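Biologist: Please show me the structure first. Then tell me what percentage of the residues of the protein chain count as buried.

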Amino acid sequence: MKILIALLLVTLSGCGGGGSSPAVEPPQAPALTLGQSAGVFELYWTVAPHVNSYTVYWSVVVTANTTCTQAIAGWPQAVVHNVLPPYTITGFTSGQKYCFAVMAVNAGGETMSNVITAISL
């Protein structure tokens with residue numbers, strides 16, 4: 001009887017009780033492309049597997065010394081959560097330089113797309 005109980009305890013302890021689950025990898029970076037018309041930008045990217053949501057970031061570039069990556073990371077003018085492509089943004093000032101990026105989000109983290117710079121028509 002003691003051997004049977006010991007065998008049962010050893011078997012149950014190996015059934016995943018107390019073990020950690022495998023880590024979730026951050027999502028694949030979206031490949032962002034952009035279309036535009038007068039005062040309008042349309043953002044496109046391919047939906048990837050294992051992504052819970054996408055967040056769109058855009059910012060105006062106010063100085064020649066500010067890069068788009070700095071503008072998006074430091075002072076995004078707009079952040080829109082839980083969107084799907086294509087995503088249309090309106091109301092841009094003609095001749096102004098803007099930066100855009102999309103963040104893919106899942107339980108493993110966030111991965112930013114390429115950053116696109118465009119001058120509004």
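Modeller: Buried means under 20% relative accessible area, exposed means over 50%, and partly exposed lies in between, with a 1.4 Å probe and protein chains only. This is a predicted model: local features need pLDDT of at least 70 and side-chain atom pairs count only at pLDDT 80 or more, while totals for chains, interfaces and linings use all residues. Residues are numbered from 1 along each chain as its sequence is written, and side-chain values use heavy atoms, with hydrogens and water left out. Of the 121 residues of the protein chain, the buried part comes to 33%.

Biologist: Which pattern of helices and strands does the protein chain follow along the sequence?

Modeller: Helices (H or I, at least four residues) and strands (E, at least two) are DSSP runs, numbered from the N terminus. By that rule the protein chain has two helices and eight strands. Read along the sequence, they give the pattern α-β-β-β-α-β-β-β-β-β.

Biologist: In what order do the three strands of the open sheet stand?

Modeller: Two strands pair if DSSP finds at least two bridges between them. β1 and β2 run antiparallel and are joined by five bridges, and Leu34 has Leu43 in β2 as its bridge partner. β1 (33-37) and β5 (87-90) each have a single partner strand, so one side of each is left without a neighbour in the sheet. The pairing is antiparallel and the order is β1-β2-β5.

Biologist: How many bridges are there between β3 and β6?

Modeller: β3 also pairs with strand β4 (residues 78-80), antiparallel and over three bridges, and there Trp58 stands opposite Ala78. Towards β6, Ser59 stands opposite Cys99. The pairing of β3 with β6 is antiparallel too, and its bridges number eight.

Biologist: How many of the residues of β3 are buried?

Modeller: Ser53, Thr55, Tyr57 and Ser59 point one way from the strand, and all are buried. Tyr54, Val56, Trp58 and Val60 point the other way, and these are buried as well. β3 is therefore mostly covered, and of its eight residues the buried ones number eight.

Biologist: Which residues touch the most other members of the largest nonpolar core?

Modeller: A nonpolar core is a set of buried Ala, Val, Leu, Ile, Met, Phe, Trp, Tyr and Cys residues joined through side-chain atoms within 4.5 Å. In soluble globular proteins, nonpolar side chains tend to be buried together. The largest core here has 20 residues, and those that touch the most other members are Leu43, Trp45, Tyr54 and Phe100. At least two residues of this core come from each of β2 (40-44), β3 (53-60), β6 (97-106) and β8 (116-119), and another core, of eight residues, lies apart from it, but the names asked for remain Leu43, Trp45, Tyr54 and Phe100.

Biologist: Which two residues form a disulfide?

Modeller: A disulfide is a pair of cysteine sulfur atoms within 2.5 Å, and by this rule the count is one. The link is left-handed, with -65 degrees about the S-S bond. It joins distant parts of the chain, 31 residues apart, one end being in helix α2 (residues 68-74) and the other in strand β6. With their sulfur atoms 1.8 Å apart, the two residues are Cys68 and Cys99.

Biologist: What is the relative accessibility of Cys99?

Modeller: Its partner Cys68 has 10% relative accessibility and therefore counts as buried. Cys99 counts as buried too, because its relative accessibility is 0%.

Biologist: Is Ser120 buried or exposed?

Modeller: Ser120 is found in the segment after β8. Contact means heavy atoms within 4.5 Å; not counting residues up to four places away in sequence, Ser120 touches several residues, including Gln36, Phe41, Phe92 and Tyr98. Because its relative accessible area is 4%, Ser120 is buried.

Biologist: Is Thr46 buried or exposed?

Modeller: Thr46 is placed in the loop between β2 and β3. Leaving aside neighbours within four places in sequence, Thr46 is in contact with Ala31 and Tyr54. Because its relative accessible area is 62%, Thr46 is exposed.
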